[in-house]
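Please open the model in your viewer and keep the selection tool at hand.

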Number of protein chains: 6
Amino acid sequence: MRLLLLNPNTSAAMTAAIGAAAREVAAPGTEIVARQPSFGPASIEGHFDDAFGAAGVAEQARLAAGEGFDATVVACFGDPGVDAAREVMAGPVLGVAEAAFHAAAMLATGFSVVTTMTRTCVIAERLVQRYGFERVCRGIHGTDIPVLDLEAAGEALVDTLEAAARRALAADRSEAVVLGCAGMAGLAGTLQARLGVPVVDGVAAAVKFAEALAALGLKTPKTGDYASPRSKPWAGWAAGFGA
Amino acid sequence: MRLLLLNPNTSAAMTAAIGAAAREVAAPGTEIVARQPSFGPASIEGHFDDAFGAAGVAEQARLAAGEGFDATVVACFGDPGVDAAREVMAGPVLGVAEAAFHAAAMLATGFSVVTTMTRTCVIAERLVQRYGFERVCRGIHGTDIPVLDLEAAGEALVDTLEAAARRALAADRSEAVVLGCAGMAGLAGTLQARLGVPVVDGVAAAVKFAEALAALGLKTPKTGDYASPRSKPWAGWAAGFGA
Amino acid sequence: MRLLLLNPNTSAAMTAAIGAAAREVAAPGTEIVARQPSFGPASIEGHFDDAFGAAGVAEQARLAAGEGFDATVVACFGDPGVDAAREVMAGPVLGVAEAAFHAAAMLATGFSVVTTMTRTCVIAERLVQRYGFERVCRGIHGTDIPVLDLEAAGEALVDTLEAAARRALAADRSEAVVLGCAGMAGLAGTLQARLGVPVVDGVAAAVKFAEALAALGLKTPKTGDYASPRSKPWAGWAAGFGA
Amino acid sequence: MRLLLLNPNTSAAMTAAIGAAAREVAAPGTEIVARQPSFGPASIEGHFDDAFGAAGVAEQARLAAGEGFDATVVACFGDPGVDAAREVMAGPVLGVAEAAFHAAAMLATGFSVVTTMTRTCVIAERLVQRYGFERVCRGIHGTDIPVLDLEAAGEALVDTLEAAARRALAADRSEAVVLGCAGMAGLAGTLQARLGVPVVDGVAAAVKFAEALAALGLKTPKTGDYASPRSKPWAGWAAGFGA
Amino acid sequence: MRLLLLNPNTSAAMTAAIGAAAREVAAPGTEIVARQPSFGPASIEGHFDDAFGAAGVAEQARLAAGEGFDATVVACFGDPGVDAAREVMAGPVLGVAEAAFHAAAMLATGFSVVTTMTRTCVIAERLVQRYGFERVCRGIHGTDIPVLDLEAAGEALVDTLEAAARRALAADRSEAVVLGCAGMAGLAGTLQARLGVPVVDGVAAAVKFAEALAALGLKTPKTGDYASPRSKPWAGWAAGFGA
Amino acid sequence: MRLLLLNPNTSAAMTAAIGAAAREVAAPGTEIVARQPSFGPASIEGHFDDAFGAAGVAEQARLAAGEGFDATVVACFGDPGVDAAREVMAGPVLGVAEAAFHAAAMLATGFSVVTTMTRTCVIAERLVQRYGFERVCRGIHGTDIPVLDLEAAGEALVDTLEAAARRALAADRSEAVVLGCAGMAGLAGTLQARLGVPVVDGVAAAVKFAEALAALGLKTPKTGDYASPRSKPWAGWAAGFGA
């Protein structure tokens, strides 16, 4: 199968890193194609960034709609543009927050999210509520690590995350950790080994769940809330998107 | 006071109409400046359209941030880009769905939303949940009237809305109506007279609530979740937005 | 417009103070008429007091029903008698807790309530649940300041409230403060200046929202749950209320 | 044990009828003392009536506080004044809606409420939410029978209630009926026999639960939210209540 | 009346102790018959134990179905097998967690649960959610006392529970304690005297509520969700249960 | 990987059919081992049956714990014994209701469950609440098809299910169907082709999700709520389970 992996920010280094992380867990027959928007911020650390990331995901989904992808993964923990992509892509579309929450909920009675900037916690909190994980998600914890610092994650950063995760597990009385940023994709294994509880990376979870759904022939229904966009005039740099 | 009224779609006719509706209810000292994005769809009728509308609101808020507006209103019932605008504007920012829900909740034990395309109901439904109006909002009803048809709302269209509202009030056992599209801004008075229950137009409600908050000196707190966007590189047509 | 401001307790000093606070924020054309019940406790600090306050609001609303008020505000943070007043008054009726919650929810992702006696927190908590603000209200904090002590609020009392607000903001990770007693009406400005986050006084918020609703021609629907009271025999000191 | 049964309305006939119904189910050693307020409406059919009923319950509880009652029951389905009574009475205080909901929740996976005037359904709905029975209460149904008509409940009225209950059970897919008015206290047996599902009368349930709690030595805690009212000046006809 | 008291574990000492505790609170005419399953663990301290306890309750209920019991109580705080027993017993069936939650909710604005092993808290938490007590139950606290240690509860153990209860009351701002294990049945009186707040033992509460429901002629409805089990083949040691 | 597929009922024909359905969707390297309890009912159609099914799953999990399975799936829509199995199995354990709900929630804004006996709907409803799918699950619909009739599902039965699914989709305004019985495992493809919306079979979904979790090295945490059962005496036919 061919899986489109969309990085909603415009950091090429992060797009490459997320793509590599996805390929590590992908099944033998899965081809991963990683892309990023033509515009927008190099990282997503708030509502303003997120609005552009969502439009960037919508742009890339629109451009890729005819390429025959079997599934799409949106690789930013705020799940920006996932619903928009569902309207234009034929196969299932998964956000990495969504996938991580589902995975953790299948494993433990309660999990904690450890994320980057504290100001993004409210975005994760609203996703938790929207998806229905209020009871199994027992806490969302910022570390105030800037997203772009994750590109060169050294030992000190891993130590910081480990310490934050330990504090979160104790404070929340939870038994699994969800990594709250796609940029942490490569760190789940190390952290899981150190912490002794399941550590869920959303990129990996989304890739495997997308493979699972595609194998079962399950796709986004296009009969109602996720029907193709209605035809209408479009303006400015997006003028071509109305066709 | 100066109030920025942002129409998230790119229909100039609708921008003008919404601006006129806002001026009709504005207090004597309130100046209404109505604007629209430089790009995107002519109407917002789904998640794909909405992603661009939100980025368009963010764009216009960013461009207007230094102009000294006292408050901002986002005039589309999905409240696209409201959170993004809060990070860049100095005064309070209100969405019209948000404002309409608050107004209706102050009046009646239960209200019904009557909106345009049925496929947009899920967007309103999620806003209702996010804002906490699950109990007072007793139903959301699509009429499958395309948004752009509202630009030339004739008698037949008003009759259609009246009939839909009557059905909604009876089915939901509710006692107020919220108009679920900024394009219906001019119709509240007529419908209220016909229906005999409060009919809330979000544009009008948002303008009056924005005036109220501004008069009280209440602004979005910029100390945490709505702090100014973090500085970082931006790419493509939005390259200038990172400064 | 003429606005009836009902103080549910029988402290004439507080009625005067609340009236003065309301006049400070009222629009030029708004006349404020402040009244209090003919019976009941001098302050409301529990369920027993509250039951009499609610009946006192109902009494005063019933007596004022024919005087042509455009809107009514009930100035006690437990919102006693608001629903009763809605059945007899022609215009909108707002409680100050209700108004403060709505205002704070329009501004911040989360707010904290700072109130008087800890024993009244449960009353505010139930209002938060009833109105649907469970997610945006992140904490309710008692200071154990008796209500009547607010009548002569000196510097020490303001310091106490400021300290309590700072603790609440930190503990709740919230970014706005709601003052949980109508008797704090004059203190919002000072506290907002000191705290650097929005501080919402319910009396001021209710006056401005009442003006907003009245300007829009929005009234309590009298067709169902808030219909005029049914005619029936009344007994005792309230014998005249059944007509 | 001595049980105080408070009828919040001023209909002496209903006070007598409720007292008789209570005595029918009371245990041999239970003495039932039925009383009503010195003021207020002859029936409670809305928020305005309810405000006076609550104050009336508070008045009677205050007057009876020193008489050594072991438990108190408030016999109106809106549970008016229950919290107020808890602050002044030594033993447990139960509302009849509360008791009926608890009883029905112990029996069936879902129950329906059948009540009098449709306009009172919202009061029951809010109690259901406050007490936490949102999931087990599957519907609240008005019959628009005036409360005082229940005093002389003939065969036609019972037929009307039976029909309403049958419709409710089918529409709600529920398996028990809660009678939504203390005035229906004598009808539970007949209706249960006809309907073939449990029919819960709140007066009977409250009496038995009050006996159960009293037998176990369980009382309202007076250490916090239900502590005795704070001492303060009282005015008007209630001037004596502050001591 | 004859009341079947089922201990879901296989500790004969605990069956006897629970039976004795039940007899202490039972009304003069109530006969208590205490039984335990023919198989399974000697105590229930987790999901694996609980699965067998539930089947054991179902077994004993099935065997006792024809003996004319008026009501059944299941004496383990996870309420294992309560729903199964409802399908085969003629009278009402109550779990002790269920009964304790209902009793505490009638008394206080908030209660805390103090239980045995911390790992069982999640079971109590799910019951709280299922029954709708999320708001009134303010905390569930493990003491890591093994259940079987309760059989010989000495002074040190009571001191441990008292200390845990004091911490819970303070941390949760609650005003009543629910004992989270049927094995604590004899300790409520002592703890209530020491703590000065209501202490609810589920066994006692369930016995009294069962008596109350039976006195009112209220039984589990057998018309739907709790209808008698459908006839079908059964295998293995349970082969006789399908008749 | 080796996957243990547990059928909680004792119908060997159904065990074989579920095993075959699982093998059809399993990845090339996945070995499916299907087993059933040594005791209990031939189908699970209520709470009484379910209690034995849960104990049967616990029994089989206990017996298989040392066989090195990488993951376990419990193939009955009530998810009986899933938590018990988590305490004794090393790899992840998934129920088929759980898996189906997660899969449907990744695809559509709302789904409907179509199940067998109406009396089992309440079991599915409680799972929906426990797992947090209250908002995305829009309805649960019984067909009153006995479970064992599914063993020889002919054309008429498929027509019945199709008709029920169409009614459910329309009534619930949903866009995906979840098959509410493991016995329907072979019918998803046919129904999906006829209905034109995603049809989710929980057995297939659970197998693929179990493969996904196992591939990611994610297991049930054994550090807290799902720790191994505590050692204690066991009695009767289960005497050996305490070691």
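The stops below go from a sheet to a pair of helices and then to two chains.

This is a predicted model, in which local features need pLDDT of at least 70, side-chain atom pairs count only at pLDDT 80 or more, and totals for chains, interfaces and linings use all residues. Residues are numbered from 1 along each chain as its sequence is written, chains are lettered from A and ligands numbered from 1 in the order in which they are written, and side-chain values use heavy atoms, without hydrogens and water.

Start with chain C, where four strands make an open sheet in the order 2-1-4-5, with parallel pairing. Strands here are DSSP runs of E with at least two residues, helices are runs of H or I with at least four, and both are numbered from the N terminus; two strands pair if DSSP finds at least two bridges between them. Strand 2 (31-35) and strand 5 (93-95) of chain C are the edges. Next select C:Leu5, whose bridge partner in strand 4 of chain C is C:Val73.

Move to chain D and select residues 96-107 (helix 4) and 202-215 (helix 8): their axes come within 8 Å and cross at roughly 85°. Axes are lines fitted to C-alpha atoms, for helices over the stretch in contact, and angles run from 0 to 180 degrees between N-to-C directions. Helix 4 and helix 8 of chain D are therefore roughly perpendicular, a term for angles of 65 to 115 degrees. Contact means heavy atoms within 4.5 Å; among the residues making this one are D:Met106 of helix 4 and D:Phe209 of helix 8.

Finally, show chains A and F. A turn of 180° and a shift of 0.0 Å along the axis lay chain F on chain A with an RMSD of 0.0 Å, so the two copies are related as by a two-fold rotation axis. Copies are superposed by least squares on C-alpha atoms of residues with pLDDT of at least 70 in both.

Notes. Angles under 35 degrees count as roughly parallel, over 145 as roughly antiparallel, 65 to 115 as roughly perpendicular and the rest as oblique.
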